[in-house]
Amino acid sequence: MLLRLRQGLAPHELRTVIDEAGRQGATVRFLDDARTLAELEGPFQASARARFEDLWAVVSILDAKDAPELHQTVRPGAGGVDTIEAGHARFGGGDLSIVAGPCAVEDRDALLEIARHVADAGATLLRGGAYKPRTSPHAFQGLGEAGLALLDEARALTGLGIVTEVLDPRDVEKVGAVADVFQIGARSMANSALLTEVGRYSAEHGTPVLVKRGIAASVRELLLAAEYVLNEGTNRVILCERGIRSFDNVTRNLLDLGAVAHLKGATHLPVVVDPSHAAGRADLVLPLGLAAVAAGADGLLVEVNPRPETTHSDGAQALSPSAFVDLVRRVEALAQVCGRRVVRVAREAV
Ligand code: PEP
Ligand code: MN
């Protein structure tokens, strides 16, 4: 690991770096007479980079390739490797899965109708929020436990696994009893108590955790949110790019496909894209979804609703059932061109 240090450090200030290296079991060699470039030789723990970053004497870490963090490390025996399975879905290793459903669970008949439709069209997981992270406290907050029960029923009916958001660390057990994949929403990405709690649950039960990028979060911040989950002893984290806030309001958010392509090389964790929340408009979900697959995404998360005019949340970005069928077909064709494939639920398994 290569550190750039402040100019003109006093001996006791330099000592803080040497002492930290000692605690880590690393050796230090200064590369210049002014002692501003320190080369450290490990082996390092996953915490090494953060510990040095925290030191006042350290200006920046110039190279940390020999001090990998958990998102760059596959922990033996902790489930998952670079492929994560959940029910019939598989993310990574050339396999793409499509996750679809309404924004929120609102009523039984509507949920079951959408679940049947997305299952027939090629989704492997059903998504729907029972707990909704709304910007306004006055907006519909989700059905809570009643919503979880409906998701359970939809799974029994269709065989689709369930992806649903957990908002509160106190609900992790309750949501975990129904979820095949936890969703951590964009507004919760920085909630370290929640990330820790789902990480603990995932380490014990194997439930994957899909972490959405925060509304104005950097790629590094997304990886460090994943790091909180991984730090509890699981490997089963899926990253999700869902657009970040920009100066332009022609789309709801700005889909950062550069981040998707970058993440595919920066971590072994699968990366999925949510074109629905990025676009905020149903007409842009298909082109953004295809672009995401071309950029290397291991799956898509899309909102589908046959009656967007009646929903409490995100109606404008919901695909119609027929538009969803079209999206799956085109994604399958594109995946094939890219040497990958879309996972389908085997007919006999339903
Ligand atoms: C959602 O998935 O419905 C949602 C609220 O997404 P995000 O957290 O990305 O805004
Ligand atoms: Mn939504």
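**Metal site, interdomain pocket and local geometry of a predicted two-domain model**

Leu 284 is situated in helix α10, which spans residues 282-294. In this predicted model, the residue has a relative accessibility of 21% and is therefore classed as partly exposed, since the buried class is confined to values under 20%. Leu 284 is separated from Gln 317 by 33 residues in sequence, and the C-alpha atoms of the two residues are 8.4 Å apart in space.

Two other residue pairs were examined in the same terms. Arg 4 belongs to strand β1, formed by residues 2-5, and its relative accessibility of 36% places Arg 4 in the partly exposed class. Between Arg 4 and Leu 157 the sequence separation is 153 residues, and the C-alpha to C-alpha distance is 58 Å. Ala 226, by contrast, is part of helix α7 and has a relative accessible area of 0%, so Ala 226 is buried. The C-alpha atom of Ala 226 is 26 Å from that of Gln 141, a residue 85 positions away along the chain.

At the level of the whole chain, the domain assignment divides the protein into domain 1, covering residues 2-68, and domain 2, covering residues 77-349. A distance of 39 Å separates the C-alpha centres of domain 1 and domain 2. Strand β1, with residues 2-5, falls within the bounds of domain 1 (2-68).

The manganese ion (ligand 2) is bound by protein donors from four residues: Cys 103 through SG, His 277 through NE2, Glu 303 through OE and Asp 314 through OD. These donors lie 2.0 to 2.4 Å from the ion. Along the sequence, the donor residues follow the spacing C-x173-H-x25-E-x10-D. Glu 303 and Asp 314 are 11 residues apart and link distant parts of the chain, with Glu 303 in strand β14 (residues 299-303) and Asp 314 in the loop between β14 and α11 (321-337). Accessibility was evaluated for two of the donor residues. Glu 303 is counted as buried because its relative accessibility is 1%, and Cys 103 is likewise buried, at 6%. The backbone at Asp 314 is also notable: phi is near 60°, a positive value in a residue other than glycine.

The cysteine residues were then considered for covalent pairing. A search of the whole structure returned zero disulfides. For Cys 338, the closest cysteine sulfur is that of Cys 240, at 19 Å, which is too far for a bond; the limit applied to a disulfide is 2.5 Å between the sulfur atoms. Cys 338 has a relative accessible area of 34% and is thus partly exposed, whereas the metal donor Cys 103 is buried at 6%.

The largest pocket contains about 350 Å³ of space. It is lined by 13 residues, of which Ala 46, Ser 47, Ala 50, Leu 224 and Glu 227 are the closest to the pocket centre. Two elements, α2 (48-53) and α7 (219-230), each supply two or more residues to the lining. The greatest contribution is from α7, which provides four residues. Classified by side chain, the lining comprises five nonpolar, two polar and six charged residues. Because both domain 1 (2-68) and domain 2 (77-349) give residues to this lining, the largest pocket lies between the two domains. Helix α7 also carries the buried residue Ala 226, discussed above.

Two further backbone features were identified. The peptide bond joining Gly 42 to Pro 43 is cis, with omega near 15°. Pro 43 is located in the loop between β3 (37-41) and α2, and α2 is one of the elements giving two or more residues to the lining of the largest pocket. Arg 35 has phi near 55°, again a positive value in a residue other than glycine. This residue is placed in the loop between β2 (27-30) and β3. With a relative accessibility of 40%, Arg 35 is counted as partly exposed.

Key: Residues numbered from 1 in each chain as written. Chains lettered and ligands numbered in written order. Predicted model: local features only at pLDDT ≥ 70, side-chain atom pairs only at ≥ 80, totals over all residues. Heavy atoms only, no water. Donors = N, O, S within 2.8 Å, 3.2 Å for Na, K, Ca; no water. Buried < 20%, exposed > 50% of the residue type's maximum accessible area, 1.4 Å probe, protein only. 1 Å grid on protein atoms, 1.4 Å probe; cavity = no way out; pocket = protein on both sides within 12 Å on 5 of 7 lines; lining within 4 Å. Points joined across faces, edges and corners; volume = space filled by probe spheres on them. Nonpolar A, V, L, I, M, F, W, Y, C, P; charged D, E, K, R; others polar. Domains from an automatic or database assignment.
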